[in-house]
Amino acid sequence: MPMLLIQGVYRVAGTRPDGDTVRFVPDDPTEWDLVPGPTPVQRNATGGANLRLEGIDTLETHYRPPTGGPELHQPAPFADKAAAELLTWIGFQPVQRKPDGTVKAPTNPAEVPGYILTRGADKYGRCVALAGRGAPQAASGTPVHVTEAMLKETANHHQVAEGMAFPTYYRSLFPELRTAFNAAVKSARQNGKGLWPSDKTNSGAEVVATPTISDDVIMPKLYRRLAEYIVLNNGDPALDGFLSFLAQKADRFTIISTAHFTTGLDLVVEVNTTKVKMTQPPENLLFDEA
């Protein structure tokens, strides 16, 4: 799988990293201009930009629904642990955070060398990438064929292997890398790592009013849709219209095992009074970029 390699450093002071998002600063910030996408990579005055880690989705630590309302937080023991695990893996000592989740300065160390492998940016200007640490084996600004062995050296694979993240696939991720992710998911699930013993995505999660939405562990994409819906309904957790809402959102995806392309998560979600569940495991869904 060919991806653009960019070398640089991770810096987190003054940012709000979670388990699948972190700030990266290239050694040569002009290399952001090499990253394709519907929106150019949005970077700050120092050249730093937020990464969205490809192939994974960790529990939300500060999600604000587009329909309004306060920031929401999925179960903290898992959401906060995923965020801490990412920074530890990169090479930061435990950080201190403000109440809103912003990392206090200084951090130890101030920055950590690393590299990213990317095929593009999303519509929000975040670079979608595999995140590595240390020195890369190729020149920055050049395309690299990414192998399974290289994937296993990234934060993305680590988060899945440790049960810190749900697999969440978009078409930008090639099948051979999905296969490697799936093996890590299977192992983590079978060995009861991280969030998997508490996961209710496919068994049924209890839905409640804002600001909690659900105290159960569920796939973040489903959680975000629930949050949007409940906020839109003035905090009422009744699920009578949730499937219709999902149909209107028209998420485009393919059920990988059957190669069936469809539109609307209502086709893979079931509602039973106050509970909601997905009828497909997260790793069997391949989403189109919105």
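**Sheets, helices and a salt bridge in a predicted model**

Reader: What makes E10, E14 and E13 a sheet, and how is the sheet ordered?

Author: Three strands lie in the order E10-E14-E13 as an open sheet with antiparallel pairing. Strands here are DSSP runs (E, at least two residues), and helices are runs of H or I with at least four residues, numbered from the N terminus. Two strands pair if DSSP finds at least two bridges between them. E10 and strand E14 (residues 275–278) are joined by two bridges, so the definition of pairing is met. One opposite pair is Glu206 and Lys275 in E14. This is a predicted model, in which local features need pLDDT of at least 70 and side-chain atom pairs count only at pLDDT 80 or more, while totals for chains, interfaces and linings use all residues. Residues are numbered from 1 along each chain as its sequence is written, and side-chain values use heavy atoms, with hydrogens and water left out.

Reader: Why are H5 and H6 called roughly perpendicular?

Author: The axes of helix H5 (residues 220–232) and H6 cross at roughly 110° and come within 11 Å. Axes are lines fitted to C-alpha atoms, for helices over the stretch in contact, and angles run from 0 to 180 degrees between N-to-C directions. Angles of 65 to 115 degrees count as roughly perpendicular, and H5 and H6 are therefore described in that way.

Reader: Which residues make the contact of H5 with H6?

Author: H5 contributes Leu222, Arg225, Leu226, Glu228, Tyr229 and Leu232, and H6 contributes Phe242, Phe245, Leu246 and Lys249. Contact means heavy atoms within 4.5 Å.

Reader: What makes Glu111 and Arg11 a salt bridge?

Author: A salt bridge requires a side-chain nitrogen of Lys or Arg within 4 Å of a carboxyl oxygen of Asp or Glu. The closest N and O atoms of Glu111 and Arg11 are 2.7 Å apart, so the pair satisfies the definition. Glu111, in the loop between helix H1 (76–90) and strand E5 (112–121), and Arg11, in the loop between strand E1 (2–10) and strand E2 (21–26), are 100 residues apart. The structure holds 19 salt bridges.

Reader: Why do E9 and E12 stand at the edges of their sheet?

Author: Four strands form this open sheet in the order E9-E15-E11-E12, with mixed pairing. Strand E9 (169–170) and strand E12 (260–263) each have a single partner strand, so one side of each is left without a neighbour in the sheet. Strand E11 (residues 252–255) runs antiparallel to E12, and four bridges join them. Thr262 in E12 is the bridge partner of Phe253.

Terms used:
Parallel < 35°, antiparallel > 145°, perpendicular 65-115°, else oblique.
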